[in-house]
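This report describes a single protein chain, from its overall dimensions down to one local element. Please look at the model before reading on.

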Amino acid sequence: AAAIFPMIARGRMLGAISFLHVGSDATYRRGQLAVLEDLTGRAALAFDNARLYAERARVAHTLRRSLMPSELPAIEGLDLASFFQPMGAGNEVGGDFYDVFGDGSSCWLVVGDVCGKGAEAAVLTGFLRHTTAAYAREGVGPASVLARVNQAMLDQDFAGRFATAILARVGFRDGGAEVTIAVAGHPLALLARANGETEEFGECGTLLGVFANLTITERSTLLRAGDALMLYTDGLSDAHEPERTLTAQEMLGQLSRTAPSLAQDAIGAVLELVDLERGARDDIAILAARVRATSDAQ
């Protein structure tokens with residue numbers, strides 16, 4: 001005896017399931033057919049859910065890839081490294097991003113975090129990243145760039161969404177690199193000197209997309225050979241909430257003990273403080289830059 005049922009889910013034909021009962025007196029009773037029909041319907045729905053989940057994951061991956069640089073640029077005098085881990089299974093596009101851009105004489109580093117998840121957050125993330133790069137290339141300071149980005153956000157309709165960002169301009173000169181940082185409601189930068197000294201750097205200002213009048217202050221310092229700068233999103237510090245919050249002092253202590261010789265070493269050092277296998281509560285984005293010594297391998 002054979003019974004064939006169409007696999008139909010959400011009005012779409014996905015295939016068919018055939019049930020074969022082998023025996024000299026094999027038959028299907030009406031109650032058995034009803035059970036098989038129900039089983040087929042459940043299988044069709046599960047199959048369609050898996051298809052939709054895979055499509056959602058593909059779209060999320062494509063969107064996320066478009067919001068990050070495909071690779072970090074080669075900046076003479078700087079060793080660059082980055083890290084990004086999406087929340088959970090990574091099928092929801094978040095708002096964390098980073099970028100590096102510039103020319104031979106200077107470069108810009110930016111890390112930002114847009115509130116919310118999904119397509120709406122992705123739209124604002126792309127807007128924030130590209131608008132920041134456009135204004136930065138006009139040659140104004142980091143605080144002015146963030147102020148212009150804030151006004152551009154207010155001029156658009158982003159349904160009340162806001163963002164935080166940290167923007168650093170690195171200018172090269174004899175003896176090192178001068179870095180100027182502006183912060184808009186974002187975690188401050190971590191600075192690790194070659195001599196083992198560490199500190200938070202920057203002054204927290206107003207977040208973006210809420211207020212017309214911002215309070216954002218620039219701070220500058222000279223980075224010498226071996227000094228490293230790290231920018232990150234709060235997904236790193238909040239990785240194990242509500243059990244505990246990773247503090248900036250813990251990260252600075254880890255950097256001091258590790259004395260990173262590469263930008264990637266600095267990222268690896270702070271990641272040792274979190275258990276990534278448990279899965280992050282939020283996206284984690286990290287961008288690190290270390291000033292190369294003339295003796296460093298290129």
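The sections below cover the fold, the surface and charges, and one hairpin of this predicted model.

## Overall dimensions

The protein chain holds six helices and twelve strands. Its C-alpha atoms fill a box of roughly 95 × 45 × 40 Å along the principal axes.

How does the radius of gyration stand against that of a compact globule of 298 residues? The protein chain has 26 Å, whereas such a globule would have a value near 19 Å.

## Burial and contacts

Of the 298 residues in the protein chain, 46% are buried. Among contacts with a separation of 6 or more, 67% are between residues 24 or more positions apart.

## Surface and charge

The exposed area of the protein chain is about 14,700 Å², and carbon and sulfur atoms supply 51% of that area.

The protein chain carries 26 positive and 37 negative side chains. The centres of these two sets lie 6 Å apart.

## The hairpin of strands 8 and 9

Strand 8 spans residues 189-192 and strand 9 spans residues 198-201. The two run antiparallel and are joined by four bridges. Ala189 has Phe201 in strand 9 as its bridge partner.

What links the two strands of the hairpin? Five residues lie between strand 8 and strand 9, and in this turn Gly196 has a positive phi of about 100°.

As a general point, side chains in a regular strand alternate between the two faces of the sheet.

Terms used: Residues numbered from 1 in each chain as written. Predicted model: local features only at pLDDT ≥ 70, side-chain atom pairs only at ≥ 80, totals over all residues. Heavy atoms only, no water. Pairing = 2+ DSSP bridges. Rg over C-alpha atoms; globule rule 2.2 N^0.38 Å. Buried < 20%, exposed > 50% of the residue type's maximum accessible area, 1.4 Å probe, protein only. Contact = heavy atoms within 4.5 Å. Areas by Shrake-Rupley, 256 points an atom, 1.4 Å probe, with all protein chains shown as cover. Lys, Arg positive; Asp, Glu negative; His and termini not counted. Charge placed at Lys NZ, Arg CZ, Asp CG, Glu CD.
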